[in-house]
Amino acid sequence: MDTIHCYGSINDKTEAVLLEGAHNLLDPPVIAIGTHKDKFQDEEQCRKRLESYTDKIFKDSKLHLRSIHLISNTEDEEDAFGKLRNDIFATAKSSANWNREYPVKFIQMEKAINSELTIGKQIISFERLKELGEKIPLPITDNKELHLFLRYQHEIGNVIFFEDIPSYIILDPQWLANAFTCIVTAQQFQLELPHLQWDNFKKNRKDGS
């Protein structure tokens, strides 16, 4: 949620939103889903458990929350999943990027950098990005087009990229957020944080991989 909130922006107030009285929603939207409803005595108990969890989220981050759905892993009929599906579609259609034309080669490029993530690379260099661009089905070989791709990906929060430091393209913003958390957190709380492989972090900085 912290990473989502870093890229948050004021939601365009559609008529439906105004009618509901929600004047300060933030994008991107979040839909909370509580699973294992079947393990609770009743739906209300499950809802309270999920709400107790969402209440722990930083107050401003909760402004991304659009709705809550409760799902049983064993008993729910198709209707419950249909409501969730419709809610996802309705939320997507209200986003600024809905139905926006997007080059096919950019979709292929997204898949290429996601492949880097799957093999454990959180950082790549611009040179590595150029190599990936040359290998996709519709190659991207122009540096200006690659920069356009990176600026858009940065804008929507998929990567972190600054043109003045092209050697470090962060493929996983949450990974960087976790790293900064360890740096700025008081020492007495650091033991409670997930362990980060700082040797790998230093190695990535050195070789740009």
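How many salt bridges does a search of the whole structure find? The search gives six. Before I go through some of them, please keep in mind that this is a predicted model.

Let me start with a pair that links distant parts of the chain. Lys 105 and Glu 145 meet through their side chains in a salt bridge, at 3.5 Å from N to O. The two partners are 40 residues apart. Lys 105 sits in helix 5, residues 104-118, while Glu 145 belongs to helix 7, residues 143-155. As for exposure, Lys 105 has a relative accessible area of 22%, which makes this residue partly exposed. Glu 145 is partly exposed too, with a value of 25%.

Next, Glu 116 and Lys 121. Their side chains form a salt bridge with an N to O distance of 3.8 Å. Is Glu 116 buried or exposed? Glu 116 counts as buried, because its relative accessible area is 4% and the cut-off for buried is under 20%. Its partner Lys 121, at 26%, is partly exposed.

Now to helix 6, which covers residues 126-135. Within this helix, Arg 128 and Glu 131 are three residues apart, or about one turn. Their side chains meet in a salt bridge as well, at 2.9 Å from N to O. Arg 128 is partly exposed, with a relative accessible area of 22%. Glu 131 is also partly exposed, and the figure there is 38%. Which residues do shared partners join into one network? The network consists of Glu 116, Lys 121, Arg 128 and Glu 131, joined by salt bridges that have partners in common. So the buried Glu 116 belongs to a network that also takes in the partly exposed Glu 131.

As a general remark, side chains of opposite charge can pair when their charged atoms come close.

One more residue, from the loop between strand 5, residues 123-124, and helix 6: Ser 125. Ser 125 is buried, since its relative accessible area of 16% falls under the 20% limit. Which residue has its C-alpha atom 5.3 Å from that of Ser 125? That is Tyr 168, and the two are 43 residues apart along the chain.

To recap, helix 5 and helix 7 are linked by the pair Lys 105 and Glu 145. Glu 116, Lys 121, Arg 128 and Glu 131 make up one salt-bridge network. Ser 125, in the loop that leads to helix 6 from strand 5, has its C-alpha atom 5.3 Å from that of Tyr 168.

Notes
Residues numbered from 1 in each chain as written. Predicted model: local features only at pLDDT ≥ 70, side-chain atom pairs only at ≥ 80, totals over all residues. Heavy atoms only, no water. Salt bridge = Lys/Arg side-chain N within 4 Å of Asp/Glu carboxyl O. Helix = DSSP H or I, 4+ residues; strand = E, 2+ residues; numbered from the N terminus. Buried < 20%, exposed > 50% of the residue type's maximum accessible area, 1.4 Å probe, protein only.
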